[in-house]
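Biologist: Thanks for sitting down with me over this one. Could you take me through it, one question at a time?

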Amino acid sequence: MEEPEVVEYFFGVYLLYCINPKYKGRTYIGYTVDPRRRIKQHNAGKKHGGAWKTSNRGPWNMVLIVHGFPNSTSALRSILFQFEWAWQHPHVSRRLKHIPKKKSSQKVFDFYLTVLSEMLKVGPWCRLPLTVRWLDYEFSKQYYGCISPPLHMPICYGKVASCKVKQTQDAKANDIQSQESPSVTEKLCPLCGSTMTEKDSISCIKPKCLLTAHLICLAKAFCKDGMILPIEGICPACKTNVLWGDLIRKKNGCYQDLQETDLSNSSFSDSDDT
């Protein structure tokens, strides 16, 4: 069997398709931090954590999921819930008023793919480091080209599994040491000149780059034309073009074991409960 891709700090919004002959074609949209657990709950029924709308109507197939939503603060997590709600209620969302209503001859599944494609092009979601992932290969072949996200959002294929990043022993030791004996030397943000702590700072993803700055300061430097969240920007120190989502992933503990040769081949290379 195909091994699922493991994604750290997983937050995603998924689309279910009912394969029960009696209810075939019905859909359901929800969010999850663990796709494999969530689909089991849906198929097991409401008593086992599934939604009442899917209970006793399965089996269901999780065919598509959009993940990569920021989750570091409650304000950013709300963007995920807004995305889920708008995808469920496109004609009520003020951001999606331009989307035509579903035609009587149009299948529900096709309609929600159209809605998703348009959602990924409007703010604030168009600026997020999202990934569109087809979990079902047959569906991806049938609906190839139906979704056209912005260039910085990849379309991936295959199963996915979530995991929590385990703090290394060295990181734990550094945390304990910093709590017991705070450093006398204060670090200054190179962008604003004021002091910063590890909690409110962010560093470049390139191994040899020494940039560490306030998260807010770097976000403002990357934002353009009134953006709430940046997409990408040029590192002030090493002049590398980096994706904002990759900087946040590094701050959350990802990429700790990557070598520079790995980084050059990754998405951020120089070109780039329930």
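Modeller: Gladly, and one definition will help us first: a salt bridge is a side-chain nitrogen of Lys or Arg within 4 Å of a carboxyl oxygen of Asp or Glu. Please also keep in mind that this is a predicted model.

Biologist: Then let me begin with confidence: what does the pLDDT of the chain average?

Modeller: Of the residues, 80% score at least 70. The average pLDDT for the chain is 80.

Biologist: And how many contacts beyond near neighbours in sequence does the model have for residues 168-185?

Modeller: The pLDDT is below 50 over that stretch. For residues 257-274, where pLDDT also stays under 50, the model has 33 contacts beyond four places in sequence. For residues 168-185, the number beyond near neighbours is three.

Biologist: Now to the charges: how many salt bridges does a search of the whole structure find?

Modeller: One of them joins Lys141 and Glu138, whose side chains meet at 3.5 Å, N to O. Another is formed by Glu118 and Lys121, with the closest N and O atoms 3.8 Å apart. Arg133 also forms one with Glu5, at 2.8 Å between the closest N and O atoms. For the whole structure, the search gives three.

Biologist: Which helix holds both Lys141 and Glu138?

Modeller: The two residues are three apart in sequence, about one turn of the helix. Lys141 itself counts as partly exposed because its relative accessibility is 46%. Both partners lie in residues 137-142, which is helix α4.

Biologist: Back to the pair of Arg133 and Glu5: how many residues apart are they?

Modeller: Arg133 sits in strand β5 (residues 131-134), and Glu5 in strand β1 (residues 5-8). The pair therefore links distant parts of the chain, and the separation is 128 residues.

Biologist: Is Arg133 buried or exposed?

Modeller: Its partner Glu5 has a relative accessible area of 42%, so Glu5 is partly exposed. Arg133 has a relative accessibility of 2%, and the limit for that lower class is under 20%. Arg133 therefore counts as buried.

Biologist: Which backbone oxygen does the side chain of Lys159 reach?

Modeller: Lys159 is found in the loop between β6 and β7 (160-163). Leaving aside neighbours within four places in sequence, Lys159 is in contact with Glu2, Pro4, Glu5, Arg133 and Leu135. At 3.3 Å, the side chain of Lys159 reaches the backbone oxygen of Leu135.

Biologist: How far apart in space are Lys159 and Arg133, C-alpha to C-alpha?

Modeller: In sequence, 26 residues separate them. In space, the C-alpha to C-alpha distance between Lys159 and Arg133 is 8.4 Å.

Biologist: Let's turn to Asn20: which residue has its backbone oxygen 2.8 Å from a polar atom of the Asn20 side chain?

Modeller: Asn20 lies in the loop between β2 (12-18) and β3 (27-32), and at 16% relative accessibility this residue counts as buried. Beyond four places in sequence, Asn20 is in contact with Arg57, Gly58 and Pro59. The backbone oxygen at 2.8 Å belongs to Gly58.

Biologist: Last one, on the surface: about how much accessible area do Tyr144, Ile155 and Tyr157 have together?

Modeller: Ile155 is in strand β6 (residues 155-157), and this residue counts as partly exposed because its relative accessibility is 32%. With Tyr144 and Tyr157, Ile155 forms a nonpolar patch on the surface. Together, their accessible area is about 350 Å².

Terms used: Residues are numbered from 1 along each chain as its sequence is written. Side-chain values use heavy atoms; hydrogens and water are left out. Patches are made of residues with over 30% relative accessible area and no salt bridge: like charges are joined within 9 Å, nonpolar side chains (Val, Leu, Ile, Met, Phe, Trp, Tyr) within 5 Å. Accessible areas come from the Shrake-Rupley method with a 1.4 Å probe; for residues, only the protein chains shown count as cover. Helices (H or I, at least four residues) and strands (E, at least two) are DSSP runs, numbered from the N terminus. Buried means under 20% relative accessible area, exposed over 50%, partly exposed in between (1.4 Å probe, protein chains only). pLDDT is the predictor's confidence in each residue, from 0 to 100. Contact means heavy atoms within 4.5 Å. A polar contact is a pair of N or O atoms within 3.5 Å; within protein, one must be able to donate a hydrogen and the other to accept it, and residues adjacent in sequence count only if both atoms are side-chain atoms.
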